Amino acid sequence: MIFIVILASVLIAGVTIYQYKEQAEDYHKEYLQRKEDQLNAQIDYILKNTTWEVKTENLRYILEYKQAIYEASDVLDINFNVYDLNGNLIISSKPRIENPTDDYILNDTIINGLASSATKRYVEKTKAAGDRFQSSYSYILDLKFKPIGILKIPYYEDDTFNNNELKEFLLRLAAVYVLLLVLAVMLAYIISKYITRSLKAISEKLYQTRLSKQNQKIFLDDPSEEIGALVDAYNGMIDELENSALLLAKSEREQAWREMAKQVAHEIKNPLTPMRLSVQSFERKFDPSDENAKSKLEEFSKTLIQQIDTMSNIASAFGSFANMPAQQNETLNVIEVVRLSVEIFNEDYIRFIADEKEIIAKLDRTQLIRVITNLVKNATQAIPEDREPKIVVNVYSEKENVKISVADNGIGIAEENQEKIFEPKFTTKSSGMGLGLGMVKNIVETYNGHICLSSVLGKGTVFTVSFPKFKAPSE
């Protein structure tokens, strides 16, 4: 409605300006034609009543006799110039001091244009200092309709009155359309509020719809047929969403435990391989008669017991979801290890940033790689397909700690889920994170570290891991 009012005002203003210009041109054209006809009628009257022979040589004397032509010029309020057929000025209503030199003789263009005109009339339009002028040229005929001279009537197109009228009309038109625009805005607001009242209720419900919570259905009193169909479709979607959420939660739970089982199976296989090799080697090389048989048997037993203890620790860790067993504590350059972990993904959108070349901490290399890999993988899964992925891994020092941050531009984590995200059995993957975060947290806390997150829903998440730096004994 507002657009139509504005468009109509612009179109009407344009048409009005065009119409005023057309009227002004028609007015000037008719006015000049009328004045020319009137002066020609006076000249014809003078020629019919003169005693002089009507010819070009006597034209000046005939017209100036008793100031007849000048009286006609004053009565009609027009200026004129009279030329012979060669374009030479004979007489003029203007004093010679006011006549420009261009008026003393006509150029060939005017003479030829007048001669070739079917109406024996030629109009010249010119502009000077922003003003427009017209000059009308016509033949002065004798009593036998033979040309004996050329009459020029100069005319200044004074549009002051028309311009003032146009300006006044446009101001009135603008006032009317401003009023119409205000009324259109008010009417559009009232109608839109009335029409969209039900749509607003539906949009609010749609905005509040979440996969991770119980969603409320919409109930409206006396909705229109179209709105009612939309409400029914929304309520049906809510029912389907609840069923899908249950199936998804079940699937996520099963998938999470499958992943856990794979990790535990991998950890169990690690000690089994050296145990098998040790048994095969012992079986092949052991000689009971060897004088060192007892020490070799003790060494073999010690190796098996160590691997069995490792498996026992793994089983205990899986049962209680406690700390995964640390294979060893190494003095590591955290920056180098993290950089190598990031390079494994080989993706252009994953950036690694470190202001320092070396930050030393005492950690398990494998467990640190597992932490970084898990966070980067989860960050990748949190980015929707319709968005250009950006992941930044940053390693830096802060006082006595080394910090590792993994930032993504994913869908973010809802505030109500941020506290649950590290729970081992938390299965709602609204942020794209899985059960592996619980294991990451356990690994980090094993080394007296800390993990936290900062997230904005719809924009992204930053996970920050903090470990204490390694202090040399002298420190």
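These legends accompany four views of a predicted model, starting with the whole protein and then moving in on particular spots.

**View 1. The whole chain, with its helices and strands.**
Welcome to the overview of this predicted model. The protein contains 11 helices and 12 strands. It has 475 residues, and 34% of them count as buried. If you look at contacts with a separation of 6 or more, 62% of them come from residues 24 or more positions apart.

**View 2. Helix 1 packs with helix 3.**
Here you can follow helix 1, which covers residues 2-48, and helix 3, which covers residues 68-76. Their axes are 10 Å apart, and the packing angle is about 155 degrees. Because angles over 145 degrees count as roughly antiparallel, helix 1 is described as roughly antiparallel to helix 3. The crossing of these two helices is right-handed. On the helix 1 side, look for K35, Q38, L39, Q42, I43 and I46; on the helix 3 side, the residues they meet are A68, I69, A72 and L76. Sorted by character, the residues of this contact are seven nonpolar, two polar and one charged.

**View 3. Q134 and its surroundings in strand 4.**
Strand 4 runs over residues 131-141, and Q134 is one of its residues. Is Q134 buried or exposed? Its relative accessibility is 5%, so Q134 counts as buried, since the cut-off for buried is under 20%. The side chain of Q134 also has a polar partner: the side chain of E157, at 2.5 Å. With neighbours up to four places away in sequence set aside, Q134 is in contact with H28, L32, V123, E124, K125, I153, P154, Y155 and E157. One of these contacts, H28, belongs to the stretch covered by helix 1, the helix shown in View 2.

**View 4. V393 in strand 9.**
For the last stop, find V393 in strand 9, which spans residues 391-398. V393 has a relative accessible area of 0% and is therefore buried. Which residues does V393 touch, not counting those up to four places away in sequence? They are V338, V342, R351, F352, I353, V376, I404, S405 and V406. R339 is also worth locating in this view: V393 and R339 are 54 residues apart in sequence, while their C-alpha atoms are 8.7 Å apart in space.

Methods:
Residues numbered from 1 in each chain as written. Predicted model: local features only at pLDDT ≥ 70, side-chain atom pairs only at ≥ 80, totals over all residues. Heavy atoms only, no water. Helix = DSSP H or I, 4+ residues; strand = E, 2+ residues; numbered from the N terminus. Buried < 20%, exposed > 50% of the residue type's maximum accessible area, 1.4 Å probe, protein only. Contact = heavy atoms within 4.5 Å. Axes fitted to C-alpha atoms, helices over the stretch in contact; angles between N-to-C directions. Parallel < 35°, antiparallel > 145°, perpendicular 65-115°, else oblique. Left-handed = near helix turned anticlockwise from the far one by under 90°. Nonpolar A, V, L, I, M, F, W, Y, C, P; charged D, E, K, R; others polar. Polar contact = N/O pair within 3.5 Å; in protein donor to acceptor, adjacent residues only side chain to side chain.
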